[in-house]
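Please open the model in your viewer and keep the selection panel at hand. The stops below move from one selection to the next, with a note on what is found at each.

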Amino acid sequence: MPELNVRRPSVTIADVAAAAGVSRATVSRVMNGRSTVDPAIAARVQEAAIDLNYRPSNVARSLSLGRTETVALVVPDLGNPVFQQILRGVTSAAAEDGYRVLVADAAEDPSEEAAIAREARMRCDALILVAPRMPGTALDALLPLVTPAAVINRAVEHPATPSLVIDYEDATVQVVEHLVDLGHRRLAYLAGPRAAATDVARRTGLATALRRHPDLEIVELPVGADLASGHAAAGEVLASRATAVVAYNDLVAFGLLAALNEAGVAVPGDISVAGFDDIDLARYATPGLTTVSVPQAELGRQAWRELHAVIDDDAHAATTTRFTARLEARSSTGPVPRGIARAVVTEPEPAAAPEADVVDPGPTWSVEPREIVLRHTRDRVPLARYVDGERLPAIHSPRPYLHPVHSLAGVALTESEPVDHRHHYGVSVAVPDVNGTSFWGGRTFVADVGPTLLPNHGRQVSTRAEVDPLAPHVLHDTVRWDDEHGEPLLDEQRRLGARLLDDGTWVLDWRTTLHASYRPLEIRSPATNGRPGAGYGGVFWRAPMSQSTVVLSQAGEGESLAHGSTSPWVAYVQQHHDPYAEDRPTTLLLAQTSPPRPWFLRAAEYPGAGPALAWDTPLVVPAGGTVETGVVAALVDRALDHGEAAALAATLR
């Protein structure tokens with residue numbers, strides 16, 4: 001006869017009580033983790049529960065305790081990645097304490113937010129309100145009805161409700177100061193929802209910046225908080241004649257970037273764009289988005305910690321926790337177009353005529369909070385910025401670099417993170433292969449395979465950048481090159497000097513000495529590894545794209561004559577489009593500082609050049625040995641012909 005599958009009755013709390021010889025109330029206290037039970041009795045109850053394979057009923061346990069062990073999270077818009085990260089932080093922290101999270105989306109509707117919050121709280125043990133949009137009076141009336149609760153991104157006065165806020169006022173000032181440093185004086189602010197406390201804080205920060213900079217203009221454009229809002233605002237932004245935009249958040253900034261791209265407006269060449277929050281996509285956008293980094297997941301984790309303390313202790317004193325934000329300057333912001341800068345920058349009062357023996361000091365370096373800047377006393381717009389590169393993506397081989405570098409008339413003659421090669425950064429020492437480690441960024445050329453993405457990216461660390469106290473036009477830096485494992489590979493001493501040549505020309509002198517301080521070095525390039533003509537590596541100057549580019553060298557005109565040659569100099573003669581003025585001609589002339597090396601030079605694909613350390617054979621440096629390289633660059637605010645370029649080059653050597 002077949003065996004019948006008879007369902008056994010489930011084990012109850014009464015069964016465990018009988019087996020352990022205690023009351024059901026004692027079993028309940030043990031199962032709920034109460035500390036009032038004698039340890040010996042608790043051990044007997046737990047042993048009985050294990051023997052009987054007893055599993056407490058969550059429903060019964062919730063009814064007994066008066067708790068569901070769930071917390072409700074109400075957000076204005078779950079589609080916003082910031083709120084998703086806050087949810088992730090709350091969820092992970094609450095799970096450690098045995099709680100689960102239920103989510104409600106208020107769909108940016110302040111009129112329904114309080115009702116949604118009350119209903120969510122009825123189903124859960126506690127409530128977290130994220131960036132509530134409801135008016136202050138409504139929020140004050142709600143909080144006593146839904147305690148225990150916590151509020152994120154809005155300060156509250158309720159004594160039992162902890163709140164967590166970001167200092168968005170300071171964050172806004174950071175963004176504006178960054179744009180002002182780049183020469184911008186007319187900004188557009190794409191405002192968020194008027195009911196959002198974060199929008200109020202941003203506008204307060206803008207007011208602070210206006211007080212600091214009386215010549216600053218800020219045009220406020222009511223927009224919204226999502227991609228579509230930013231996309232729709234492009235027409236108003238362009239009509240405002242602003243040179244830079246501060247968007248309410250990264251989503252609005254992304255929408256604007258898409259619309260500007262569709263309209264053929266270059267970012268940051270024609271207009272700069274910055275956002276807030278540093279959502280995950282910000283660093284991967286094209287161009288990388290300048291934004292303010294906010295500790296989103298940590299906000300959620302800390303909110304749970306504060307709320308859990310209130311749940312466990314009704315008398316727990318609620319506090320307001322403040323978080324700071326950090327500017328992440330990327331390639332969506334750049335120098336103001338010079339045609340506009342001349343119109344909006346207040347000219348200084350005419351100075352008294354200099355005495356005959358007074359010498360123009362020329363450019364000098366100054367150490368500023370986030371970078372070292374080369375300025376000329378006659379020009380408020382910096383000539384060059386030296387950035388430590390610590391925050392570059394690991395895949396780009398982080399390194400100190402110069403960007404932007406301007407002519408005296410304010411034309412940017414460097415490019416950073418361009419679409420064609422995201423790992424190009426202004427002027428830097430970039431080498432694709434040192435003992436197998438890439439200090440170039442991107443893919444590595446592998447023989448018989450081709451360009452291949454390898455986990456071999458090293459890092460250059462600026463350990464002592466300082467301005468020469470006796471010669472402030474000279475910047476010295478000691479740079480340690482670490483391999484992909486973080487081990488020191490070599491040391492570099494670099495010297496960056498600057499001087500005026502005439503009213504339309506200044507000179508940047510970059511000299512580098514590489515020291516094999518730790519072991520012998522073998523410096524290679526794609527050319528030495530099997531890719532003919534790709535001998536790049538050394539001091540590399542990435543120039544900007546332009547309307548037209550002519551290459552000059554000692555042999556004449558043309559890319560083919562310069563590439564691979566040992567010409568003592570090369571030059572890019574370019575026409576730069578200016579939407580607000582006549583197109584601007586420039587000449588960037590690069591001369592070698594040591595016995596000539598072959599030039600790696602591109603113009604048709606992209607403009608970039610530098611003397612190659614390993615053109616077609618590896619360069620071996622014995623332990624303790626050194627190798628020197630560098631360029632002397634003349635930045636000229638006019639187009640030079642071949643004869644003029646050759647004559648200028650002769651003065652640089």
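Begin by selecting glutamate 466, which, with a relative accessible area of 38%, is partly exposed. Add arginine 464 to the selection and display both side chains, because in this predicted model the two meet in a salt bridge, with a distance of 3.8 Å from N to O.

Next, move along the chain to arginine 638 and glutamate 644, whose side chains also meet in a salt bridge, here at 3.2 Å from N to O. Colouring by accessibility is useful at this stop, since arginine 638 has a relative accessible area of 41% and is therefore partly exposed, and glutamate 644, at 30%, likewise counts as partly exposed.

From a pair, turn to a group: select Arg194, Asp199, Arg203 and Glu220 together, and you will have one network, joined by salt bridges that share partners. The structure holds 23 salt bridges in total.

For another of these pairs, select aspartate 215 and arginine 185, which form a salt bridge whose closest N and O atoms are 2.9 Å apart. Which parts of the chain does this pair tie together? Aspartate 215 belongs to the loop between α9 (197-212) and β7 (217-222), while arginine 185 belongs to the loop between α8 (168-181) and β6 (186-191), so the salt bridge links parts that lie 30 residues apart in sequence. It may help to hide the surface before looking at this pair, as aspartate 215 and arginine 185 are both buried.

Now bring the surface back and select Glu96, Asp97, Asp312 and Asp313, which gather there in a patch of negative charge. Within this selection, centre the view on aspartate 97, and you will find this residue in the loop that runs between α5 (81-96) and β2 (100-105). Is aspartate 97 buried, exposed or partly exposed? Its relative accessibility is 36%, and aspartate 97 therefore counts as partly exposed.

Finally, clear the selection and take in the whole chain, shown as a cartoon, where 16 helices and 34 strands can be traced. Of the 653 residues in the chain, 54% are buried. If you then display contacts between residues at least 6 apart in sequence, 65% of them join residues at least 24 apart. Switching to the accessible surface for a last view, you will be looking at about 28,700 Å², of which 52% belongs to carbon and sulfur atoms.

Key. Residues are numbered from 1 along each chain as its sequence is written. This is a predicted model: local features need pLDDT of at least 70, side-chain atom pairs count only at pLDDT 80 or more; totals for chains, interfaces and linings use all residues. Side-chain values use heavy atoms; hydrogens and water are left out. Helices (H or I, at least four residues) and strands (E, at least two) are DSSP runs, numbered from the N terminus. Buried means under 20% relative accessible area, exposed over 50%, partly exposed in between (1.4 Å probe, protein chains only). Contact means heavy atoms within 4.5 Å. Accessible areas come from the Shrake-Rupley method with a 1.4 Å probe; for residues, only the protein chains shown count as cover. Patches are made of residues with over 30% relative accessible area and no salt bridge: like charges are joined within 9 Å, nonpolar side chains (Val, Leu, Ile, Met, Phe, Trp, Tyr) within 5 Å. A salt bridge is a side-chain nitrogen of Lys or Arg within 4 Å of a carboxyl oxygen of Asp or Glu. Lys and Arg count as positive and Asp and Glu as negative; His and the chain ends are not counted. The place of a charge is taken as NZ of Lys, CZ of Arg, CG of Asp or CD of Glu.
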